[in-house]
Amino acid sequence: MADRRRLVIASGNAGKLREYRELLAGAGFELVAFDSEVEEVGATYVENARLKAETACNRSGLPSLGDDSGVEVEALGGFPGLHSARLAPTQEARTAELLRRLEGKPRPWNARFACVVALAAPGGPTQFFEGECRGEIVPEWRGKAGFGYDPIFLVPGTGKTFGEMPPEEKRLYSHRAGAVRALLESGALNRLPA
Ligand code: IMP
């Protein structure tokens with residue numbers, strides 16, 4: 001069997017890495033995890049995704065995917081958005097802090113998850129793919145699946161939070177699955193040099 005081409009997933013987030021392994025399972029690449037450990041100094045998801053992907057690509061010499069994502073809550077003016085990973089030191093504390101900021105605000109707490117995937121390849125321009133999932137933040141933690149804010153993010157029409165969905169169900173709706181779908185449909189991975 002011919003060696004499979006390698007593709008770097010530039011993330012140290014175990015939840016994201018698990019999802020990329022599932023979402024790209026049929027894409028024909030050997031996936032390599034590499035944490036770029038860049039400071040997320042960008043002003044947009046696109047800039048941060050670019051930083052992660054290009055740092056990993058420069059260091060490894062391999063095509064690399066960077067992911068920047070976050071949850072934006074309407075009643076908080078889109079907060080935490082880009083700051084979703086840095087609201088508090090642990091994810092449990094971040095989820096609690098988001099709910100604390102929403103206390104007393106009228107429901108529904110409409111929100112969206114956004115994800116930008118950057119594909120950086122040696123010698124080519126970096127390309128970007130986006131996905132989003134609209135939903136609602138709920139005050140009680142529901143389910144243990146997924147990661148991050150999944151237990152408090154209700155997906156309309158399903159009666160479930162992402163925390164209550166197995167991976168194959170989350171991927172029907174998720175912002176990350178949407179961005180990866182756009183990446184696959186673009187054919188960009190097939191055009192990478194062998
Ligand atoms: P970053 O992309 O490394 O800046 O981190 C994004 C942060 O947003 C994560 O650490 C999570 O807290 C949150 N997040 C992003 N995607 C998801 C998701 O699919 N489920 C739950 N939380 C997410």
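Biologist: I should like to begin with a single residue. Where in the chain is the place of Glu37?

Modeller: Glu37 sits in the loop that runs between strand 2 and helix 2 (45–60). Please keep in mind throughout that this is a predicted model.

Biologist: Is Glu37 buried or exposed, and what is its phi?

Modeller: A residue counts as exposed when its relative accessible area is over 50%. Glu37 has 68%, so this residue is exposed. As for the backbone, most residues other than glycine have a negative phi. Glu37 has a positive value instead, near 50 degrees.

Biologist: Which peptide bond at Pro80 is cis, and where does Pro80 lie?

Modeller: The general background is that most peptide bonds are trans. Here the bond from Phe79 to Pro80 is cis, with omega near 0 degrees, and Pro80 belongs to the loop between strand 3 and helix 3. A cis bond also joins Arg107 to Pro108, with omega about 5 degrees; Pro108 is in the loop between helix 3 and strand 4.

Biologist: Ser84 is also in a loop between strand 3 (64–73) and helix 3 (91–102). Is Ser84 buried or exposed?

Modeller: The cut-off for buried is under 20% relative accessible area. Ser84 has 5%, so this residue counts as buried. The side chain of Ser84 reaches the backbone oxygen of Gly81 at 2.6 Å and the backbone nitrogen of Val71 at 3.0 Å. Beyond its neighbours within four places in sequence, Ser84 is in contact with Gly70, Val71, Arg94 and Tyr149.

Biologist: How should I read the sheet: in what order do its strands stand?

Modeller: Seven strands form an open sheet in the order 2-1-3-4-5-6-7, with mixed pairing. Strand 2 and strand 7 (160–161) are the edges; each has a single partner strand, so one side of each is left without a neighbour in the sheet. Strand 1 and strand 2 pair in the parallel sense over five bridges, and Leu7 stands opposite Leu31 in strand 2.

Biologist: How many residues does the largest nonpolar core have, and which elements give two or more residues to this core?

Modeller: In soluble globular proteins, nonpolar side chains tend to be buried together. The largest nonpolar core here has 21 residues, and Leu7, Tyr20, Leu24, Leu65, Leu119 and Leu189 have the most contacts inside it. Two or more residues come from each of strand 1 (5–10), helix 1 (14–23), strand 2 (29–33), strand 4 (109–120) and helix 5 (175–186). Helix 5 gives the most, with four residues. Apart from this core lies another, of 18 residues, among them Val73, Trp109, Phe113 and Cys133.

Biologist: What is Leu23, in helix 1, in contact with beyond its neighbours within four places in sequence?

Modeller: Contacts of this kind show which parts of the chain meet. Leu23 is in contact with Arg171, Arg176, Ala177, Val180 and Leu184. The C-alpha atoms of Leu23 and Ala177 are separated by 6.7 Å, although these residues are 154 residues apart along the chain. Leu23 is buried, with a relative accessible area of 12%.

Biologist: Finally, how many residues surround the ligand, and which are the closest?

Modeller: There are 19 residues around the ligand, the closest being Lys16, Glu40, Gln91, Asp150 and Lys170. One may then look for polar atoms. A polar side-chain atom of Lys170 lies 2.8 Å from an oxygen atom of the ligand. Side-chain N or O atoms of Asp68 and of His175 are each 3.1 Å from a ligand oxygen atom. Taken alone, the ligand exposes 490 Å², and the protein buries 95% of that.

Key:
Residues are numbered from 1 along each chain as its sequence is written. This is a predicted model: local features need pLDDT of at least 70, side-chain atom pairs count only at pLDDT 80 or more; totals for chains, interfaces and linings use all residues. Side-chain values use heavy atoms; hydrogens and water are left out. A nonpolar core is a set of buried Ala, Val, Leu, Ile, Met, Phe, Trp, Tyr and Cys residues joined through side-chain atoms within 4.5 Å. Buried means under 20% relative accessible area, exposed over 50%, partly exposed in between (1.4 Å probe, protein chains only). A residue is near a molecule or strand if one of its heavy atoms lies within 4 Å of it. A polar contact is a pair of N or O atoms within 3.5 Å; within protein, one must be able to donate a hydrogen and the other to accept it, and residues adjacent in sequence count only if both atoms are side-chain atoms. Accessible areas come from the Shrake-Rupley method with a 1.4 Å probe; for residues, only the protein chains shown count as cover. Two strands pair if DSSP finds at least two bridges between them. Contact means heavy atoms within 4.5 Å.
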